There are 2 protein chains.
Amino acid sequence: MALALVDIDAWQLDHGKAVSPQLRIVLRSRIIRNDLKPMCRLSEPELAKEYGVSRQPVREAFITLVDEGLLEIRPQRGTFVKRIDFEAVLNGRFVREAVEADIVGKLAERADPALIRHLREQLTEQSRVADRSPEQFIELDETFHISLASAAGLKGVWDYLEPVKSQMDRVRFITFEELPIARLIRQHTEIVDQIERQDVAAAKAATRQHLREILNSLPEIQELYPDYFENSRALTGE
Amino acid sequence: MALALVDIDAWQLDHGKAVSPQLRIVLRSRIIRNDLKPMCRLSEPELAKEYGVSRQPVREAFITLVDEGLLEIRPQRGTFVKRIDFEAVLNGRFVREAVEADIVGKLAERADPALIRHLREQLTEQSRVADRSPEQFIELDETFHISLASAAGLKGVWDYLEPVKSQMDRVRFITFEELPIARLIRQHTEIVDQIERQDVAAAKAATRQHLREILNSLPEIQELYPDYFENSRALTGE
DNA sequence: TCCTGTTGACTTGTATGGTAGTAGGCAAGT
DNA sequence: ACTTGCCTACTACCATACAAGTCAACAGGA
């Protein structure tokens, strides 16, 4: 449930704690960060040797990742990193849009000054890393959205969004060097502004537009890396 | 991912297919249907013997159910059916409300006559079983909501709602004999009506109200079965 | 050259044994 | 009576062994 991405290189297994959950997190991170590429084959015994454990914990980690739509186990054949499902990504965006718009709407009704301050601090922080580390910006972006949910007393809602987001994040990490960070920050600012003005409708609209922007690069990415995607036909979608 | 509830009594294990997923489904069904009660202890070896398999598949089924928030594994202590988390249920409702309102909104924009017909057929079907089998009504209710998502071309979205719904369904099954079925059908009808009239705002509002109604009985249930719930303090929540 | 049947090295799925940790009862000591 | 320490019966977790299916390479015959 607590599924933060971890630094793949610096990571090490803690033999004091249970192994399977740790493997789950690191494998999840590697997939979302596009370190393990779509269609890449994952061998149970190979990973077991690599991390110095037996097959069983690896296998259990696999199972949870299948549930999250990141892995595909073909019995007696092999386990593979799932290609990105175009439709799943769009569905994820739909869910996030609906939920986060409502969250922001709730916040706009109250416009708590302390919250506004807190969010504006995050905005300046985002600007600071903007032209330095896109990867770091993604983390701050995540923090920003979680803050919105928490402030609305709906932190638990974010847990439900976790698998939804993982699909979208894979897309972002493929070309994270080209993120239109400046624009994303402007949109964040717009959201905060509208919350502050207590304009519920405008705040919701800004949120929806922002979440659409996130996937603006999707068609482009799909054209650049068609092999990463499940169904290339979706480009011609209605 | 395909997680329909199964008939607990008539169910039997198919030795041709993989065991773990089957166990997952049947255990999930038993928990949601309140056959396995909150705080109930589940013994790995005992269930293994009961279903005539080894411990490993049972364990793997457990892991997926932990992810879904239905089970809790306390290492070296035991595995228990989770009590219902009041907050998780409310958060689930929040997510469903946001998402399904948007779905219905989309439908209201088009108001496809064939869809309207299809939905009205379901409504009469619902009325038919209304005063006969509450359990069957719950299934039809599920069908109704799935139909809405499918019609909007968002069937995939429903997959994301599955874990959300499981929390809510547990509540419904505890007192499913007392479901205000007539009222729920009226609300379904209201939704269809507003879709037909292409009144987007009204359709969304009707959907939201309906989903709030579903959990109207929650405080009452919590009072009747306080042991089933995680945190009884939530009753005084804002 | 092409087709076919077999073999063997893979894979995941299942079964089982061993390890470490927990909880509770019981007995000895205070 | 009360506390303390041990001991037994449990638990989840991990390791390992076995079973069953898949796939590709290869040998042999048409």
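To compare two copies of a chain, you superpose them by least squares on the C-alpha atoms of residues with pLDDT of at least 70 in both. Keep that in mind, and remember that you are looking at a predicted model.

**Stop 1: the two protein chains**

Select chain A and chain B. A turn of 180° with a shift of 0.0 Å along the axis lays chain B on chain A, and the RMSD is 0.1 Å. That is how a two-fold axis relates two copies. Want to find the axis? Pick Ala98(B): in chain B, its C-alpha is the one nearest the axis, at 2.6 Å. Both copies use the same surface, too, since 100% of the contact residues of chain B recur in chain A.

**Stop 2: DNA strand C**

Now select DNA strand C and show what surrounds it. You should get 24 residues, and the ones that come nearest are Arg59(A), Gln76(A), Val19(B), Ser54(B) and Arg55(B). Of the strand's atoms that come within 4 Å of the protein, 65% belong to sugar and phosphate.

Which parts of the strand do the side chains reach? Try three of them:

- Thr79(A) has a polar side-chain atom 3.1 Å from a phosphate oxygen of DNA strand C.
- Arg55(B) goes for a base instead: a polar atom of its side chain is 2.9 Å from a base oxygen.
- Gln56(B) also has a side-chain N or O atom by a base oxygen, at 3.2 Å.

Next, colour by helix and strand. From chain A, β1 (41-42), α2 (44-51), α3 (55-67) and β3 (78-81) each give two or more residues to this surface, and so do α1 (19-32) and α3 (55-67) from chain B. Colour by residue class and you'll find 8 nonpolar, 9 polar and 7 charged residues.

**Stop 3: DNA strand D**

Move on to DNA strand D. Here, 24 residues surround the strand, with Val19(A), Ser54(A), Arg55(B), Arg59(B) and Thr79(B) the closest. Sugar and phosphate make up 71% of the strand's atoms within 4 Å of the protein.

Zoom in on Val19(A), where a backbone N or O atom sits 2.4 Å from a phosphate oxygen of the strand. Ser54(A) does likewise, with a backbone N or O atom 2.4 Å from a phosphate oxygen. Then click Arg59(B): an N or O atom in its side chain is 2.6 Å from a phosphate oxygen.

Which elements supply at least two residues each to the surface near DNA strand D? Select α1 (19-32) and α3 of chain A, then β1 (41-42), α3, β2 (71-74) and β3 (78-81) of chain B. By class, this surface has 7 nonpolar, 9 polar and 8 charged residues.

Notes. Residues numbered from 1 in each chain as written. Chains lettered and ligands numbered in written order. Predicted model: local features only at pLDDT ≥ 70, side-chain atom pairs only at ≥ 80, totals over all residues. Heavy atoms only, no water. Near = heavy atom within 4 Å. Polar contact = N/O pair within 3.5 Å; in protein donor to acceptor, adjacent residues only side chain to side chain. Helix = DSSP H or I, 4+ residues; strand = E, 2+ residues; numbered from the N terminus. Nonpolar A, V, L, I, M, F, W, Y, C, P; charged D, E, K, R; others polar. Contact = heavy atoms within 4.5 Å.
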